[in-house]
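Please walk through this model with its helices, its nonpolar core and its ring pairs in view. The account below moves from one contact to the next.

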Amino acid sequence: TAWAFAKLGVSAPLLFEAISRGTVERVDSFTELNLENTAWAFAKLGVSAPLLFEAISRGTVERVDSFTELNLENTAWAFA
């Protein structure tokens, strides 16, 4: 959902706030692509979510060996 909204350039603050909270609570169940797309969406729209990015960072570090090159590139872009 976050990815689709960001792709269309549609800001939805309440939705992104809910996605951020949900992601922080469930980051361990996210796939590499879920982590990448969520980080990308928030960065693309310029949504500030420090706790979300901390959780995504932790999730990425824990499974960095499972990320594809593209997953890593896009995640790094989101953190830049």
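Contact here means heavy atoms within 4.5 Å. The structure is a predicted model, in which local features need pLDDT of at least 70 and side-chain atom pairs count only at pLDDT 80 or more, while totals for chains, interfaces and linings use all residues. Residues are numbered from 1 along each chain as its sequence is written, and side-chain values use heavy atoms, with hydrogens and water left out.

A convenient place to begin is Ile56, which sits in helix H4; helices are DSSP runs (H or I, at least four residues) numbered from the N terminus. When neighbours within four places in sequence are set aside, Ile56 is in contact with Val27, Leu35, Thr38, Ala39 and Phe79. Ile56 counts as buried, since its relative accessibility is 0%, where buried means under 20% relative accessible area, exposed over 50% and partly exposed in between, with a 1.4 Å probe and protein chains only. One of these partners, Val27, is 29 residues away from Ile56 along the chain, yet the C-alpha atoms of the two are separated by 6.8 Å.

Thr60 also lies in helix H4, and at 12% relative accessibility Thr60 counts as buried. Leaving out neighbours within four places in sequence, Thr60 is in contact with Leu35, Phe67 and Thr75.

Both Ile56 and Thr60 take part in the meeting of H4 with H5, where Phe53, Ile56, Ser57 and Thr60 of H4 face Thr75, Ala78 and Phe79 of H5. In general, two packed helices are described by the angle between their axes and the distance between the axes. The axes are lines fitted to C-alpha atoms, for helices over the stretch in contact, and the angles run from 0 to 180 degrees between N-to-C directions. The axes of H4 and H5 come within 12 Å and cross at roughly 150°, which makes H4 roughly antiparallel to H5; angles under 35 degrees count as roughly parallel, over 145 as roughly antiparallel, 65 to 115 as roughly perpendicular and the rest as oblique. H4 passes H5 in a left-handed crossing, a term that applies if the near helix is turned anticlockwise from the far one by less than a right angle, a clockwise turn being right-handed.

H5 also packs with H3, at an angle of about 30° and with the axes 8 Å apart, and H3 and H5 are therefore roughly parallel to each other. H3 passes H5 in a left-handed crossing. On the H3 side the contact is made by Glu32, Leu33, Glu36, Ala39, Trp40, Ala43 and Lys44, and on the H5 side by Leu70, Asn71, Asn74, Thr75, Trp77 and Ala78.

What holds for the nonpolar interior? In soluble globular proteins, nonpolar side chains tend to be buried together. A nonpolar core is a set of buried Ala, Val, Leu, Ile, Met, Phe, Trp, Tyr and Cys residues joined through side-chain atoms within 4.5 Å. The largest such core in this model has 19 residues, and those with the most contacts inside it are Ala2, Phe16, Leu35, Ala41, Phe42, Leu52 and Phe53. Helix H1 (2-8), H2, H3 and H4 are the elements that give two or more residues to this core, and H3 supplies the largest share, five residues. Ala41, for its part, touches Ala2, Trp3, Ala6 and Phe16, not counting residues up to four places away in sequence.

Aromatic rings add a further layer. Rings of Phe, Tyr and Trp (its six-membered ring) pair if their centres lie within 6.5 Å, with planes under 30 degrees apart counted as stacked, over 60 as edge-to-face and the rest as tilted. By this rule the count comes to three aromatic pairs. In one of them, the rings of Phe16 and Phe42 have centres 4.8 Å apart and planes at 70°, so the pair is edge-to-face. Because Phe16 lies in helix H2 (residues 13-26) and Phe42 in helix H3 (residues 32-45), the pair ties together parts that are 26 residues apart in sequence. Phe16 is buried at 2% relative accessibility, and Phe42 is buried at 0%.

The rings of Phe53 and Phe79 have centres 5.0 Å apart and planes at 85°, so this pair is edge-to-face. Phe53 is buried, with a relative accessible area of 15%, whereas Phe79 is partly exposed at 39%.
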